[in-house]
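Work through the exercises below with the sequence and the 3D view side by side. Try each task before reading its solution.

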Amino acid sequence: MTGDRQGQGRRDEDGDLRPRAAALTALARKSLGQLSPAEQVRGRQILRTRLERRRRRIVWSLALSGAAAAGFAAVLLGPRVLHRGEGAPLAYQVEGGALASDGRIEAGTGVEPALHFADGTVIALARGTQGRLAGVDGRGAHVAISDGTASVSVVPKPRARWTVDAGPFVIHVHGTVFTAAWNEASGRLDVKLERGSISVEGPVTGGPIAMRAGQRLTVAMRQSRVLLRAIDDRAGDLAESDTTMAAPGVEVAPPPTLAAAAPLEAPAAPAPRLAGHAAHVARSWPSALAAGDFTFIVEDAERDLPHALRLASSDDLAALADAARYQRRDDLARRALEAQRRRFHGSPRAADAAFFLGRLDENDGAGLVHALRWYDRYLGEAPSGSYAAEALGRKMVAMRDLYGVTTARTVADEYVRRFPRGSYAGAAQALRAQAR
């Protein structure tokens, strides 16, 4: 009986141990003899600690091996890498480099880093390219290159949203393969689209330029030239010495047609700027915009911003809004656009301002409902305007995200009817197929 009670006591003492721990404890007793109660307690504590450490090592080993097998690791976003707040962000890893706390993609000398996302999208940077991951969410990411070349391969999927900034230009991606090169010194953008569709907008483009597979776009910002042609057509390359000026808003023809435009009329002699700047004779804001001197426009306006917003011409307000947007000064851009709407109501510039206010609402988190209202206003005021295709495409996507595929089907039908080769045509066709 005594032996039975002792055995029962040992079972009670070991009852809180897992089977493997209990077996090890029994083995220790057999080898070392009977331990005192204090020694037993201390031994169990040591054993639990060691087993817990081993368990953690196993868990981490399995987690890391699983991540390596899948090709992705969890990345802790730095405080300036924006999670755009639309579901859990896509998992990604930086191959051949690391991500700094501000989102900069850092790579060693001679290395070509690449961002690999969980959906199969890859954005690779050429050697020496300065890149930054500006934002990521469940629908895509926002990547910027300030100087250099990016090769982009986006996997198409419903509701995807990918944006690539190349200097002051913004490329909206709709599932595609392309390269984008931006040369800061010469102010030159080169985009080659191999597959899919994209739209490009920025200085001197006169609004979004829709590109189709097999096209190549070159923008010489300082010469105000825009050239869209077949991807293998090099006969019309823009020379660095070419100083022909193209009018903003020129329609870029499909390849292989050269998008040549009439020269701008010589600008009038500069006049004294706004009241309060009587002694300050400067370039006009539109001419500074064409030259890519956005800093000049913003600084000139901010010398007395309330006065500028009250007295600037419609063209000046449009130039200020564009310069502010290209410099990511959305607050200043919004004020200029609102002044345009208020002071020049009913003009084409005021209608364009509605479109860009929608863009700002869509990008800065104000919400798709607000953006949708602005797109509707623009389409109502300028149904055949320069941004009609872009506004209708964005309206379609906003309605799908807000109200579902069935509700957005009508807008998709209208888009396909009006812009069968537009940059959102693929998305519209896919939406129509889903709504069947």
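**Exercise 1. The chain as a whole**

Among contacts in the protein chain between residues at least 6 apart in sequence, what percentage join residues at least 24 apart?

Solution. Note to begin with that this is a predicted model. In the protein chain, 45% of the contacts between residues at least 6 apart in sequence join residues at least 24 apart. Next, take the secondary structure: the protein chain has 13 helices and 14 strands. Last, take burial: of its 436 residues, 44% count as buried.

**Exercise 2. Helices H8 and H9**

Find how H8 and H9 are placed relative to each other, and name the residues that meet.

Solution. Two packed helices are described by the angle between their axes and the distance between the axes.

Step 1. Locate H8 at residues 330-343 and H9 at residues 348-363. Their axes come within 9 Å and cross at roughly 150°.

Step 2. Angles over 145 degrees count as roughly antiparallel, so H8 and H9 are roughly antiparallel to each other. H8 passes H9 in a left-handed crossing.

Step 3. On the H8 side, the residues in the contact are Asp330, Ala333, Arg334, Leu337, Glu338, Gln340 and Arg341. They meet Arg349, Ala350, Ala351, Ala353, Ala354, Phe356, Leu357, Leu360 and Asp361 in H9. By class, this contact of H8 with H9 has nine nonpolar, one polar and six charged residues.

**Exercise 3. Helices H9 and H10**

Repeat the analysis for H9 and H10, then place Arg377 in the picture.

Solution.

Step 1. The axes of H9 and H10 come within 8 Å, and the crossing angle is roughly 165°. That makes H9 roughly antiparallel to H10. Their crossing is left-handed.

Step 2. From H9, the contact takes in Ala350, Ala351, Asp352, Ala354, Phe355, Leu357, Gly358, Arg359, Asp361 and Glu362. Their partners in H10 are Leu368, His370, Ala371, Trp374, Tyr375, Arg377, Tyr378 and Glu381. The residues of the contact of H9 with H10 divide into ten nonpolar, two polar and six charged.

Step 3. Arg377 is found in H10, which covers residues 368-381. Its relative accessibility is 41%. Buried means under 20% and exposed over 50%, so Arg377 counts as partly exposed.

Step 4. Leaving aside neighbours within four places in sequence, Arg377 is in contact with Arg341 and Ala354. Arg377 and Ala351 are 26 residues apart along the chain, and their C-alpha atoms are separated by 7.7 Å.

**Exercise 4. Two alanines of helix H11**

Are Ala391 and Ala398 buried or exposed, and which residues do they touch?

Solution.

Step 1. Ala398 is found in helix H11, residues 388-403, and Ala391 lies in H11 as well.

Step 2. The relative accessible area of Ala391 is 0%, so Ala391 is buried. Ala398 has a relative accessible area of 2% and is therefore buried too.

Step 3. Not counting residues up to four places away in sequence, Ala391 touches Phe355, Tyr375, Tyr378 and Leu379. On the same terms, Ala398 touches Leu368 and Leu372.

Step 4. Ala391 and Arg359 are 32 residues apart along the chain, with their C-alpha atoms separated by 9.1 Å. Ala398 and Leu372 are 26 residues apart in sequence and 6.5 Å apart in space, C-alpha to C-alpha.

**Exercise 5. Helices H12 and H13**

Are H12 and H13 roughly parallel, roughly antiparallel or oblique to each other?

Solution.

Step 1. H12 spans residues 405-418 and H13 spans residues 425-435. The two axes come within 8 Å and cross at roughly 135°.

Step 2. Roughly antiparallel requires an angle over 145 degrees, and roughly perpendicular runs from 65 to 115. H12 and H13 are therefore oblique to each other. H12 passes H13 in a left-handed crossing.

Step 3. Val405, Ala408, Arg409, Ala412, Asp413, Tyr415 and Val416 in H12 face a set in H13 that they meet: Ala425, Ala428, Gln429, Leu431, Arg432, Gln434 and Ala435. The contact of H12 with H13 divides into nine nonpolar, two polar and three charged residues.

**Exercise 6. Asp137**

Which backbone nitrogen does the side chain of Asp137 reach?

Solution. Asp137 has its place in strand S7, residues 130-137. With a relative accessible area of 0%, Asp137 is buried. Its side chain reaches the backbone nitrogen of Arg139 at 2.7 Å. Asp137 and Trp162 are 25 residues apart in sequence and 9.8 Å apart in space, C-alpha to C-alpha.

Notes:
Residues numbered from 1 in each chain as written. Predicted model: local features only at pLDDT ≥ 70, side-chain atom pairs only at ≥ 80, totals over all residues. Heavy atoms only, no water. Axes fitted to C-alpha atoms, helices over the stretch in contact; angles between N-to-C directions. Helix = DSSP H or I, 4+ residues; strand = E, 2+ residues; numbered from the N terminus. Parallel < 35°, antiparallel > 145°, perpendicular 65-115°, else oblique. Left-handed = near helix turned anticlockwise from the far one by under 90°. Contact = heavy atoms within 4.5 Å. Nonpolar A, V, L, I, M, F, W, Y, C, P; charged D, E, K, R; others polar. Buried < 20%, exposed > 50% of the residue type's maximum accessible area, 1.4 Å probe, protein only. Polar contact = N/O pair within 3.5 Å; in protein donor to acceptor, adjacent residues only side chain to side chain.
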